[in-house]
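Let's take a friendly look at how the nonpolar residues are arranged here, from the surface inwards.

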Amino acid sequence: MSAEKNLHIIANNRLRFTEGPKPYAGDLPAPAEQVGHLHESQKQPSWNELAPLLENEQVKLRVADLLSRYPDPQGALLEVLWIAQEVIGWVPREAIRWAASVCSCSPAHALGVATFYTMYKHAPTGRFLLQFCRNMCCSIRGASDIIRYAENALGIKTNGTTPDGLFTLIQVECLGACGNGPVMLVNDDFATDVESGELTLKKGAALTPDRVDRIIAWCRDRASQMKEEPVRDALGGKLSGHLGHPGAPGASARAQVLDYAPPPPVLGVSAQASADGVTLTWKAAPEITALAVERLEDSSWKQIGTLSPKDKEFKDASGKAGMDYRMTASSGDRAAKPSAAVKATEKAG
Ligand code: FES
């Protein structure tokens, strides 16, 4: 082969190749075979099967809250897809279509988003999704041996699920914990060992066969302690009686703070301008204990009123059409900032 052919020619500061890059001849799993990507062989549920899970009051309330937080509904797409994954366990095509219609974007766009981020799953997984890093640092430190050990311990191959539906094993790219390599995630939590009944990732502690055994035993123990899905509240996130992984793939395996709940949102705020100023109305969740109204003045928000949770409207006598308002809702010492933002529009008629 001539030297010319192999040499990169540098001209005008551009690197040019006299030959195109050669395809990698190794044995990599095709993207379609990975759980985090489109899985062509996966049977897709129909809309009629999914509708009861997605078109119910709880989901509608959460979606309305999300949409109220973004000026453009498309901004809520990631979180709307996340809700679909939370209630279904993965994101079937019809759920992606539903998310697109909720967020007023094209199904093709929603599909592109859902397949770009690997945390969206396009096939059901076991209750514990074991994600082993196979990237460079972990590989140098023995990831392939660890993965083979875990496959043997569970009796499955990569991308497989155990017959009891408890474990799915996949290989992923760098998890950003290279100093601990080889490393893995159990659902959303890093794990290289178990200590005092919790998954741990301690400085310099890498996965070893013994530690993989302990992590698998930890998962089985959690599953036996928690047979059923804990109840979530209508506004999302609150888990009661939680002892570990709630069973929904993608949810955290870490013990939850039992009294955690997201701040209640202000829903459906509207601001209508008339000759008397601007009138704000809203629909508030029952947990709200305080409300505040702010107006945008010279590029900064100025509080113009505090309200009781029983108030149903607020009048800004000096307000005009085109002004920006936002409302903050609090529940005890938790506050959402802002809970909703809106621009005043001229009252129709
Ligand atoms: S290479 Fe495995 S965590 Fe970075």
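## Surface patch and cores

L78, F116 and Y117 make a nonpolar surface patch of about 310 Å² (nonpolar side chains joined within 5 Å, from residues with over 30% relative accessible area and no salt bridge, that is, no Lys or Arg side-chain nitrogen within 4 Å of a carboxyl oxygen of Asp or Glu; areas are from the Shrake-Rupley method with a 1.4 Å probe). This is a predicted model, where local features need pLDDT of at least 70, side-chain atom pairs count only at pLDDT 80 or more, and totals for chains, interfaces and linings use all residues. Residues are numbered from 1 along each chain, and side-chain values use heavy atoms, without hydrogens and water.

F116 belongs to helix α6 (helices are DSSP runs of H or I, at least four residues). With a relative accessible area of 60%, F116 is exposed (over 50%; buried is under 20%). A108 and F116 sit on the face of α6 turned away from its buried side. On that buried side are A110, V113 and A114, which span an arc of only 95° around the axis and so share one side of α6 (directions run from the axis to the C-beta atoms). The buried residues of α6 pack against α4 and α5.

The largest nonpolar core has 26 residues (buried Ala, Val, Leu, Ile, Met, Phe, Trp, Tyr and Cys joined through side-chain atoms within 4.5 Å). These elements each give two or more residues to this core:

| Element | Residues |
|---|---|
| α2 | 47–54 |
| α3 | 57–68 |
| α4 | 77–88 |
| α5 | 93–102 |
| α6 | 107–116 |

Apart from it lies another core, of 23 residues, including F128 and L166.

Key:
Buried means under 20% relative accessible area, exposed over 50%, partly exposed in between (1.4 Å probe, protein chains only). Patches are made of residues with over 30% relative accessible area and no salt bridge: like charges are joined within 9 Å, nonpolar side chains (Val, Leu, Ile, Met, Phe, Trp, Tyr) within 5 Å. Contact means heavy atoms within 4.5 Å.
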